[in-house]
Amino acid sequence: MSRDDVLLEVSPRPAVDGARAAELAAGVYGVDGPVRELGSHQDRNYQVDGPDGRLVLKVANRSWGRPAVEAQNAALLHIAARDTTFHAPVPVAGVDGALLHEVADGDDLLPLRLLTYVEGEPLSDVGYLAPVVVADLGSLAARAGAALVDFDHPGLDRVVQWDLRRAGDVVAALLPSISDPGRRALVAEVAHDAGERLAAVAGRLRVQAIHGDVTDDNVVGHRDDAGRVRPDGIIDFGDLTRSWLVADLAVTVASVLRHHPTEPARALPAVLAFHDVVPLDDADVAALWPLVVLRGAVLVASGEHQSLLDPDNESATGPLESEWRIFHAARTVPFDVAEATIRDALRLDAATRVRAARAAVASGGPLFPAVSDIAVVDLSVTSAALHSGRFLAAATEREILHAAAGSGAAATRYAEARLTRTSLDSPVEPDTYALGVDLVLPVGTEAAAPWDSTVTRVDGSTVVIDSAAGRLTVSGLRPAVTGGQDVAAGTPLGVVGGGEVRVQLCVDPALDAPHFTTATGVGGWRMLCPDPSPLLGVELAVSADDPARLLERRDEVLARVQEHYYAEPMRIERGWRHHLLDTDGRAYVDMVNNVAAVGHGHPRLADAVDRQMRLLNTNSRFHYAAITEFSERLAALAPDGLDTVFLVNSGSEAVDLALRIAQTATGRPDVVAVREAYHGWTMLSDAVTTSLYDNPTALGSRPDWVHLTSAPNTFRGRFRGAGSGPDYALEVRELVERIASEGRPPAAFICEPVFGNAGGVMLPEGYLSSVYDTVREFGGLCVADEVQVGYGRLGHHWWAFELHGVRPDIVTVAKAMGNGQPLGAVITTRAIADAFAAQGSFFSSAGGSPVSCVVGSTVLDIIEDEALQANAAAVGDRIIARCTTLMGRYPIVGAVHGMGLYLGVELVRDRESLEPATAECSAICDRLRELGVVVQPTGERANVLKIKPPMCLTAESADFVLECLETALRDGW
Ligand code: PMP
């Protein structure tokens, strides 16, 4: 057989059928049991369920040869003796004690083995590979490589088409099988370029025994708590060979691309994890992407070839299209970009040739010799100029630049994440990072060549020159040079025309560098498109943001119990309406912020605060209009009779004060509260805070004046279903009767009229009215905590208690009232308020301050003028309808709670047992963050996606969020 024939690897699979496999298992290995065929490109594999466990009978393709199969057995034994951090098959001896046998197939004798079965779920069925899973794959590839580093065997030296050292030959030999001429030519060209790139470093690559196929097809794993398959076993060593160590990683990376064909950077966690176990050197990093591309080329060439030979073998023909996706995903990333991105991710310095070009940049003369003073503008997320949604207007960058330039010069910053480049409601990272700078310069300003260069291209107003520093592209000129011309440093290139000027460098003239890139891409592209500051005589580079360091500082200075969302949070520095923006300029739909009820960055609110802050802000003992006017409006919103207001600074204070008022007014200490509730952190509000999620010891540590009743949760509580109101109400009645009979009738009953802490669970019909009747019958007062659910958020009602046709005696309000400004209130009757005077006077310095009251009134104006309550009703109804559809499609969606824009999507592992899908909920929140949505778990079991966005959430953004949720539910998380 010629070398080419071997590479083509055309032997059909062994003709051993299931009956024969069962016979062999019994006869050769003494194992009786049912057999089932497992898919394979070239071998025959049968699962054998023997009495002592599951095994795999393998009949090797005739092309492998016995030494190769012996090598596999030896490698498996070698690994079993060395690395126990991952699972791999172990050869099982036959009745004769041998580990390798032969089976006749026609004229051939084929190698036969029995191996232990590696338990686990395949990864190939998983659509979305989370970063942790991708990292697991990289780590597995590295651990296999590390375990084999000292393994040797004569059978390793075989010619196999999957050995990437031979990829060029393999592709060339298989190319004719690609019937489409366009595709064929593309594969040939791409493989050729990759081969050339690889040739420069191939001699420096480490060679050893490698697995060669650590891919989604060949690994299995176990589900973690969140239900993600975490690879921990390698099942097939059929491609074991001697090759480049880094080829193992390339194969793994290519396999990740199958899952993320449009986002190749998603393979980076595999590279980082590999590097953690087996550090990559310069040659490896340079070789990696060419090898990934070659792997893609071999996959498609071989797949096309195999499907010609064996059109009925599904395991060869099935994956062909996804192999083409791998190929395209790999080839569309230029080698330099891939290498720079990997170097940046691994925190390695730029490649040597890139460093040389950058040094040449620094030695250049001035690009605009006559310009000495350039104003630098800020277009970042924190730019003061980009308020009031101004960043969304197309002309903003230009306007800001021109305003800063006046009659002189102004420039944007290099490597800045421009807020002006963000996109709202987008599931992918925006291209926000500037790889060049834009300038405004006086018309007629001369541009000169900074170095001896060649004018490569003059295209309209764009002049492109190449030199040792790479490529310089200047647009916005009236050119004075022509293409092909050599120019000495200082030669005029042209003069500035009427419009803006753009300047960009790229060390590699062959690269078509974009003007902007993503946060993921910027590390690599920064290496390739250097800072043009030296040419402009002004510092234009933005130093890279380090949210992780800021978080460390936060953790060092703040109490640990003062939590933050997300383990590795993005740095959020701006909000606009229902969007949050991080320092990369990535926009997220804010689905958690009921505090920012009228939306973030509201200009009307900002103006009102600004005006009042300049007039007066003081304690509430002074006489000023704002406190009266706001309190009148608040009282007018409350039901008849609730006409007296106390102003404080927070929900906790409001609840604390409400309980003190009730205790004073009734002269009783005892309070009835519901389980699983949150009411605040101050002494009294904490006493009725019973959520074990917030405080695991809550139930055992309540003061004796707090009496608990069941959480009236119709979905998973003690009584279930819409008709459970009377049962829950009876429980309260029995409790009140009992404590009253013990001489401790309650001062108050407190609860949220929609169970916000449980994720917006609606109280059952009749419950609240019945409980209020009971409490009043025994002389107590009824407190409605509307801190979360009140103030118009429910859309169909202003107050949640209106749903139940009741009128509380005391209402607590906060959050939405101040749109983030500390502001809370207690609203009650004049008589109850007066009774509180028995405790002396009441005074809260900043509660009801002029600024807070102006905020309160302006928030009310905005809610009214922008019809935000009606919006909450309409958009809320829309979300409920879509979520209900999702419930029909995805069993994990157990219930949709709430009303308007206070909603909860409760996730369960089982709809019968209602086992909470807690880890899944957290993982889904992480996935939604990747897609551009901020949502958090809530509820006692942290298994409810809480949906309580600013009330200005639009239908479009709501649809976007639901699309993202469906993506996560469909493809995994
Ligand atoms: N009551 C309820 C129902 C709440 O949800 C909260 C806060 N989540 C509070 C009171 C306490 O409000 P604050 O955080 O403003 O003190």
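Nonpolar residues make up the whole lining of the largest cavity: 8 nonpolar, no polar and no charged. Here Ala, Val, Leu, Ile, Met, Phe, Trp, Tyr, Cys and Pro count as nonpolar, Asp, Glu, Lys and Arg as charged, and the others, Gly among them, as polar.

Keep in mind that this is a predicted model, where local features need pLDDT of at least 70, side-chain atom pairs count only at pLDDT 80 or more, and totals for chains, interfaces and linings use all residues. Residues are numbered from 1 along each chain as its sequence is written, and side-chain values use heavy atoms, with hydrogens and water left out.

A cavity is a set of points on a 1 Å grid over the protein atoms alone where a 1.4 Å probe fits but cannot get out, and lining residues have an atom within 4 Å of a point. Among the residues lining the largest cavity are M591, L928 and V935. Here's how the top two compare:

| Cavity | Volume | Lining residues |
|---|---|---|
| Largest | about 60 Å³ | 8 nonpolar, no polar, no charged |
| Second largest | about 50 Å³ | 5 nonpolar, 3 polar, 3 charged |

Those volumes are the space filled by probe spheres set on the points, with grid points joined across faces, edges and corners.

Now for the ligand. Its shell divides into 2 nonpolar, 6 polar and 3 charged residues. What lies 2.9 Å from a nitrogen atom of the ligand? That's a polar side-chain atom of K815. On the oxygen side, a side-chain N or O atom of S652 is 2.5 Å from a ligand oxygen, and a backbone N or O atom of G651 lies 2.8 Å from an oxygen atom of the ligand.

Conventions
Polar contact = N/O pair within 3.5 Å; in protein donor to acceptor, adjacent residues only side chain to side chain. 1 Å grid on protein atoms, 1.4 Å probe; cavity = no way out; pocket = protein on both sides within 12 Å on 5 of 7 lines; lining within 4 Å.
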